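Good morning, colleagues. Please take a moment to look at the sequence and the model before I begin.

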Amino acid sequence: MTHVDWGVLAVFLLVYLGMFLGGWPRLKLDRSGVALLGAIAVIALTGMPIETAAQAVDVPTIVLLFAFMVISAQMRLGGFYTEVTRRVAARPLSPPALLAALIGVAGALSAVFSNDVVCLAMTPVVVRLCLQRGLPPLPFLIGLACASNIGSAATLIGNPQNMLIGSVLSIPFGGYLWQALPPVLLSLLILWGWLYVFQLRPTGRPAGRPSTRPDSRTEAWFPESAPPFNRWQTTKGLIVAGALMVIFLFTDWPHEVAALVGAGVLLLSRRLHSADVIGLVDWSLLLLFIGLFVVNAAMQHTGMASEAVRWLGQHGIELTDPGVLLVLGTALSNLVSNVPAVMLLLPHLGSHAEQAGVMLALVSTFAGNLLLVGSIANLIVADLAARQGVRLDWRAHAAVGLPVTLLTLAVVWMFMR
């Protein structure tokens, strides 16, 4: 161990402490800023050439993530998400059926598009729907957040960590889909059942009614201010998304290249300005990925991570063991967030660990429902609901998130062990 290795270890620990805390105390740094600063620090400490740092970045993952951000932005600007939610809300459904429909829609959309954007677009409509019908908003809002997380686990494009796992382990898109779909569908059913039995049926209307009038920012998030529904732009986005699904399922074309071409097609528009579409790309998330790739590569180069994994193996703890992976994936996803957790565990699964990769994708995603801060989608729903006078706090979320997460992780264990 050299002084440089110890320095890299210190940076690595500080970066993941930042992932845990959401930033560094007393500094205006979020997780992306911490990861970027960590990458700069290890480059400076080790004298790593910029070319080597660039090689540490998994470019296919970054390209795939960027391309689907563009596609999701197209659907958002075309008013697709809001229109779908409105059409569901307009149907004369009973509360249990309405809850089931919203869970199904959120889960299905999140499997193809960004679950964060789905929650951003659907939350205002769901709040208004509940208030107009005199229904308690909390079961529907929690159902929306949890369903978007669960549904995003169904495909290798549903969320960033799945894209990373699929790219690094070269998991076939169709093979993953057929393994992930049964536990995802069963988990959505469990979510609906828990919400119906313990939130809708016994409590009636009192829970989750607005405690205050919407604040001055409310109108900015109400459906009227959302982009109007544009049939052509929506159709264009759906055709590209559908074509990509067919390509991923039935061809061996590089996913990132196909997705990038699809994003390029969508940028060719006479109505939607490219600056508006690109402005909705989550550049901070892309920087988070890039920074963590570099920091983790420097840590791997020291050999300490491999030694730690070897030591665990000598004591009977194998990371590829389903039980160990389930516990570690759940714990790390809630400690440092799911993307950093996956980056920590991926290098130790082996280059052909398809089964372990499928389990890690499901576990790291389902674990996001455990706590309110477990996923960005949860926080988006809570924030937008608060702006309309509906308070979704950590206790209300935990009453559903804790049991549903434990039950859905049991489903993963049942299918994947």
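How many aromatic pairs does the structure hold? In this predicted model, the number is ten.

Allow me to begin with one of them. Phenylalanine 66 and tryptophan 283 form a tilted pair, with 5.7 Å from centre to centre and 40° between the planes. Phenylalanine 66 belongs to helix H4, residues 59-77, while tryptophan 283 belongs to helix H14; the pair therefore ties together parts that are 217 residues apart in sequence. As for its surroundings, tryptophan 283 is partly exposed, its relative accessible area being 43%.

Other rings deserve mention. Phe68, Phe173 and Phe248 are linked into a cluster by ring pairs. In addition, phenylalanine 229 has arginine 87 over its face, at 5.9 Å from the ring centre.

I now turn to the second largest pocket, which holds about 390 Å³ of space. It is lined by 18 residues, and those closest to the centre of the pocket are Val309, Leu332, Leu344, Leu345 and His348. Which elements give two or more residues to this lining? They are helix H1 (3-21), helix H14 (283-302), helix H15 (304-314), helix H16 (322-336) and helix H17 (338-345). H15 provides the largest share, with five residues.

Finally, what is the character of the residues in this lining: nonpolar, polar or charged? Here 15 are nonpolar and three are polar, with no charged residue in the lining of the second largest pocket.

Helix H14 thus appears in both parts of this talk: tryptophan 283 lies in H14, and H14 is among the helices that give two or more residues to the pocket lining.

Key: Residues are numbered from 1 along each chain as its sequence is written. This is a predicted model: local features need pLDDT of at least 70, side-chain atom pairs count only at pLDDT 80 or more; totals for chains, interfaces and linings use all residues. Side-chain values use heavy atoms; hydrogens and water are left out. On a 1 Å grid over the protein atoms alone, a cavity is a set of points where a 1.4 Å probe fits but cannot get out, and a pocket is an open set with protein on both sides within 12 Å along at least five of seven lines; lining residues have an atom within 4 Å of a point. Grid points are joined across faces, edges and corners, and a volume is the space filled by probe spheres set on the points. Helices (H or I, at least four residues) and strands (E, at least two) are DSSP runs, numbered from the N terminus. Ala, Val, Leu, Ile, Met, Phe, Trp, Tyr, Cys and Pro count as nonpolar, Asp, Glu, Lys and Arg as charged, and the others, Gly among them, as polar. Rings of Phe, Tyr and Trp (its six-membered ring) pair if their centres lie within 6.5 Å; planes under 30 degrees apart count as stacked, over 60 as edge-to-face and the rest as tilted. Buried means under 20% relative accessible area, exposed over 50%, partly exposed in between (1.4 Å probe, protein chains only). A charge sits over a ring if NZ of Lys or CZ of Arg is within 6 Å of the ring centre and within 35 degrees of the ring normal.
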